[in-house]
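The following exercises are meant to be worked with the sequence and the coordinates side by side. Each task is followed by a solution that proceeds in steps.

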Amino acid sequence: MTRRRVAVLGAGIMGASTALHLAQLGVPVTVFDHENAPFRGASRWNEGKIHLGFLYAADPTLDTARAVLPGGLDFKDQVEALTAIALGPVTTPADDLYLVHRDSVTAPDAASRYFAAVAELVRSHPDAHRYLTDASRSGVEPLSSAELSDLADPAVVVAGFRVLERSVDTNRVADAFVDALDGEPLVELCLGRHVTGVAPAGERRDRWRVYTTSGRDGDGPDSDAYDGDGPFDAVVNALWEGRPRIDRTVGHRPDAAEHHRYRVSLFVRTTTALESRSAVLAVGAFGDVKSYSERDFYLSWYPAGLLARADAVDPPPVPALGDRERKRIATEVFAALGDVLPWVRNIERAPSEVRVQGGWVYSQGGGSLDDPVAAVHRRNRLGISRLGSYFSVDTGKYSVAPTLAERLARAVAEV
Ligand SMILES: Cc1cc2nc3c(=O)[nH]c(=O)nc-3n(C[C@H](O)[C@H](O)[C@H](O)COP(=O)(O)OP(=O)(O)OC[C@H]3O[C@@H](n4cnc5c(N)ncnc54)[C@H](O)[C@@H]3O)c2cc1C
């Protein structure tokens, strides 16, 4: 479909990867976002776990692990081909420690069996060697009780496992994507425009108008179709939060259910070097620590960082965060994590810059992470749907976006 024009809605990792893949296929793209720069949302402010599937022990069917694994194994090659970044230096250096909390929704024995099953899934995958570190030797190593009590409060953490899983520093990856978008002549960025709807430009569903208003929240004055180059031959809805609302404007309703959550975490840069350790308290509404380097950390405590949630097609309002509120959240996160993982206090004590930032989580199914049968534990409903040349994509996870985008761009280019 060369020399035709595609609109991509949303400039997070999904929209940006799709636009760059389309440009590589020779297709000109206009990317819309209501922020004044790409990557201002979840794709900059997340933990960057490049999922192999270990996190989803509450889905013992392995459906979620199978859904996220291929994108995780492909992530490094994809991002390095789309941008100028080498991921090695921004990847967590150590294996991830899965520490089973005494209130875990998955019992330690079941968690142990689950981790072993995922490790086998990873090892036997033909692309295992392409992961951020060679995963063809992926295994699970139970932590001894001495190791456990060195790491965590033994009254709270009842078992621990070392698994070969990595995370990337999403801020550094975001900067690389922004540079790649800026340097790609076939990509036009249309920023500061809030998308309100899409409509067919004629009788058939093969040309589309994108409706926008100016301003971050769409409360600007004008409500005209963007007409830079006339109607678009294809539209890709990669908006993440609020995506299903735009789908409905064209009569497309692919999602089984809609759930929005807004979460913040701490992004910490210390001026002194500390030991690199990454650990997740599993399985439920707890927290985790990522160490991307000896000075760059991510810390989250789920109850302190969850600011809004709704089982609704529209994202719910998020309370404004002033300095006092950010400080309170940071204090709560450090205290809750430090109670269970005493070494976190070294991060809190080190001279540092602490940013409280976050983004939306969208999933087709909600419920509470404390509930073992809640739909939120099964995250295998993700991917691409279409209505004529209108495409909608549920990213599902940061780690699968670039791979999904390649598939999406090929389908769009064939229209
Ligand atoms: C705290 C947290 C931790 C997470 N940890 C992980 C993790 O470890 N691993 C993982 O794989 N995933 C993780 N995720 C999920 C991950 O961040 C998302 O799956 C991913 O970033 C979504 O990418 P996206 O491009 O679809 O959405 P976004 O990055 O949100 O991009 C969507 C873009 O659309 C724009 N937009 C939205 N509505 C409109 C509109 N109406 N008009 C114009 N523009 C609009 C937004 O400004 C935004 O730039 C986490 C999420 C959070 C919040």
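**Exercise 1: a pair of helices**

In this predicted model, helix α1 and helix α5 (residues 170-182) have axes that come within 11 Å of each other and cross at roughly 40°. Determine the hand of the crossing of α1 and α5, and work out how the residues of their contact divide into nonpolar, polar and charged.

Solution. Two packed helices are described by the angle between their axes together with the distance between those axes. To these two values the hand can be added, and the crossing of α1 and α5 proves to be left-handed. The next step is to list the residues that meet: α1 contributes Ile-13, Ala-16, Ala-19 and Leu-20, while α5 contributes Phe-177, Ala-180 and Leu-181. Sorted by class, the contact of α1 with α5 has 7 nonpolar residues, with no polar and no charged ones.

**Exercise 2: the two domains and the ligand**

Using the domain assignment, establish where the ligand shell lies with respect to domain 1 and domain 2, and describe the residues around the ligand by class.

Solution. Begin with the bounds: the assignment gives domain 1 as 6-42 + 174-257 + 379-413 and domain 2 as 259-363. The C-alpha centres of domain 1 and domain 2 lie 29 Å apart, and 10 residues of domain 1 are in contact with 9 residues of domain 2. On the side of domain 1 that touches domain 2, the residues divide into 4 nonpolar, 2 polar and 4 charged.

Turn then to the ligand, which has 37 residues around it, with Gly-10, Gly-12, Ser-43, Lys-49 and Trp-240 coming nearest. The elements giving two or more residues to this shell are α1 (13-24), β2 (29-33), β9 (193-200), β12 (259-270) and β17 (352-363). Of these, β17 provides the largest share, with 4 residues. Because domain 1 and domain 2 both give residues to the shell around the ligand, the ligand lies between them. By class, the shell holds 13 nonpolar, 16 polar and 8 charged residues.

**Exercise 3: unusual backbone geometry**

Which peptide bond is cis, and in which loop is Phe-39 placed?

Solution. As a reference, most residues other than glycine have a negative phi, and most peptide bonds are trans. The bond from Ala-282 to Val-283 is cis, with omega near -5°, and Val-283 lies in the loop between β13 (278-282) and β14 (287-291). Phe-39, although not a glycine, has a positive phi of about 60°, and its place is in the loop between β2 and β3 (49-50).

**Exercise 4: the overall fold**

Count the helices and strands of the protein, and compare its radius of gyration with the globule rule.

Solution. The protein has 10 helices and 19 strands. Its radius of gyration is 21 Å, close to the 22 Å that the globule rule gives for 415 residues, so the protein is as compact as a globular protein of that length. Along the principal axes, its C-alpha atoms fill a box of roughly 70 × 50 × 40 Å.

Key. Residues numbered from 1 in each chain as written. Predicted model: local features only at pLDDT ≥ 70, side-chain atom pairs only at ≥ 80, totals over all residues. Near = placed C-beta within 6 Å. Nonpolar A, V, L, I, M, F, W, Y, C, P; charged D, E, K, R; others polar. Domains from an automatic or database assignment. Contact = placed C-beta atoms within 7 Å. Axes fitted to C-alpha atoms, helices over the stretch in contact; angles between N-to-C directions. Left-handed = near helix turned anticlockwise from the far one by under 90°. Rg over C-alpha atoms; globule rule 2.2 N^0.38 Å.
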